[in-house]
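Hi,

Here is the structure I promised to pass on. Have a look at it first, and then read on for what turned up when I went through it.

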Amino acid sequence: MVEISLVRSYIKNNYKLLLSITIFLIIFCILGLPWTYWWFNGGDDFNAIFSVYKIKNLKDLFDTMLQGNTGYLTNPTNFITQSCQPNFIAVYFRPLHVLFLTIEYWLFGTNAYLYLLTNVFFHAINTVLLFNVFLWFTNYIPALVAALLFAFHPQIAFRFGAIANIQYYINITFVLCAVIFFKKFLETQKWRYNIFSALLLTASFFTRETMLVMPAIIFISTYLCQRFCKLTCKSNSSNTDNLVYQSNSNTPLNVGVGHPAVSAIAESEGRE
């Protein structure tokens, strides 16, 4: 009986952690483990493999990251040749995407199954992070349903296992971690969390440039969050004042016998 009570107490105290681990394992096992015969998907994957195949050492990697334009490097099917020189503003400047693909190729070679597992690993991590973010706004059941909808959304049927898409999953990891650290900064006012958040957001820019709009979203969300907190504090303060007033109104009259107003009323009644 003692062991059972200890187990129940541990589960109760670590419920969110255990549920997060369970979500990760379910996603990884369903979307990753069964597909051992996975292979590369279309021209984007083979272009990506060929581009990192040419990177033989750290110098080649540094030079390629410095050039950084994955449009010319991996030549994705939705890329349109640009008339200007490759640069950050012209988009597709994704040096960290080059780094991730190179590390994968150096580790996995042409074993497409391991690339798939890497994508699924980051997708499962993102689902767990998103589940914990949803818990800021609602309880466990709606947060779990929303996280599982994200994990098994219909787009999985379209190029989910394409190894060239690794930047999408890691980019979301960076963004979610940046948001979590920034919220921690707002709660604690410790600047190290703000610095971590800024570094992760910067990393997301050089993974996929679409996150340029994220700072505006964070600033607007911060303003709304602080406004909500002020309104909540005022509401709580008002409720406290009401409780104090009600408590005082229920106090017996003899508590205020020494008050001048009470004495005056008593005197006037005596005269009558």
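What share of the contacts in the chain with a separation of 6 or more comes from residues 24 or more positions apart? The figure is 71%. Before you read too much into that, keep in mind that this is a predicted model.

On the overall make-up: the chain comes to 12 helices and zero strands, so the pattern along the sequence reads α-α-α-α-α-α-α-α-α-α-α-α. The chain has 272 residues, and 35% of them count as buried.

Now the helix packing, where I went through three pairs. Two packed helices are described by the angle between their axes and the distance between the axes, and I've followed that habit here.

Start with H7 and H8. Helix H7 covers residues 112-134 and helix H8 covers residues 140-151; they pack at an angle of about 150°, with axes 9 Å apart. That angle makes H7 roughly antiparallel to H8, because anything over 145 degrees falls in that class. The crossing of the two is right-handed. On the H7 side the contact involves His123, Asn126, Thr127, Leu130, Phe131 and Phe134, and these meet Tyr140, Ala143, Leu144, Ala146, Ala147, Phe150 and Ala151 of H8. Sorted by class, the contact of H7 with H8 has 10 nonpolar residues, three polar ones and no charged ones.

H7 also packs against H9, which spans 166-188. The axes of H7 and H9 come within 9 Å and cross at roughly 25°. So H7 is roughly parallel to H9, given that the class takes in angles under 35 degrees. This crossing is left-handed. From H7, the residues in contact are Thr118, Asn119, Phe122, His123, Ile125, Asn126, Leu129, Leu130 and Val133; from H9 they are Ile166, Tyr169, Ile170, Ile172, Thr173, Leu176, Cys177 and Ile180. By class that comes to 12 nonpolar, five polar and no charged residues. If you want to see H7 touching both partners, look at His123, Asn126 and Leu130: they are listed in the contact with H8 and again in the contact with H9.

The third pair is H4 and H6. Helix H4 (residues 58-67) packs on helix H6 (residues 95-108) at an angle of about 150°, and the axes are 9 Å apart. H4 is therefore roughly antiparallel to H6, and their crossing is right-handed. Leu58, Leu61, Thr64 and Met65 of H4 make the contact with Pro95, Leu96, Val98, Leu99, Thr102 and Trp106 of H6. The class count for H4 with H6 is eight nonpolar, two polar and no charged residues.

While you're at H4, check Asp63, which lies in that helix. With 35% relative accessibility, Asp63 counts as partly exposed. Its C-alpha atom is 9.9 Å from that of Pro95, and the two residues are 32 apart along the chain. Pro95 is one of the H6 residues in the contact with H4.

Two loop residues also pair up with distant parts of the sequence. Tyr37 sits in the loop between helix H2 (15-31) and helix H3 (42-53). Buried or exposed, where does Tyr37 come out? It is exposed, at a relative accessible area of 81%, since the cut-off for that class is over 50%. Tyr37 and Tyr113 are 76 residues apart in sequence, yet 6.7 Å apart in space, C-alpha to C-alpha. The other one is Asn111, in the loop between H6 and H7. Asn111 is partly exposed, with a relative accessible area of 35%. From Asn111 to Phe40 the C-alpha separation is 9.0 Å, with their positions 71 residues apart along the chain.

One backbone detail: most residues other than glycine have a negative phi. Gln189 is not a glycine, but has a positive phi of about 60°. You'll find Gln189 in the loop between helix H9 and helix H10 (191-205).

Last, the cysteines. How many disulfides does the structure hold? Zero. Cys29 is partly exposed at 37% relative accessible area, and Cys177 is partly exposed as well, at 22%. Cys177 is also among the H9 residues that meet H7.

Cheers

Key
Residues are numbered from 1 along each chain as its sequence is written. This is a predicted model: local features need pLDDT of at least 70, side-chain atom pairs count only at pLDDT 80 or more; totals for chains, interfaces and linings use all residues. Side-chain values use heavy atoms; hydrogens and water are left out. A disulfide is a pair of cysteine sulfur atoms within 2.5 Å. Buried means under 20% relative accessible area, exposed over 50%, partly exposed in between (1.4 Å probe, protein chains only). Axes are lines fitted to C-alpha atoms, for helices over the stretch in contact, and angles run from 0 to 180 degrees between N-to-C directions. Helices (H or I, at least four residues) and strands (E, at least two) are DSSP runs, numbered from the N terminus. Angles under 35 degrees count as roughly parallel, over 145 as roughly antiparallel, 65 to 115 as roughly perpendicular and the rest as oblique. A crossing is left-handed if the near helix is turned anticlockwise from the far one by less than a right angle, and right-handed if clockwise. Contact means heavy atoms within 4.5 Å. Ala, Val, Leu, Ile, Met, Phe, Trp, Tyr, Cys and Pro count as nonpolar, Asp, Glu, Lys and Arg as charged, and the others, Gly among them, as polar.
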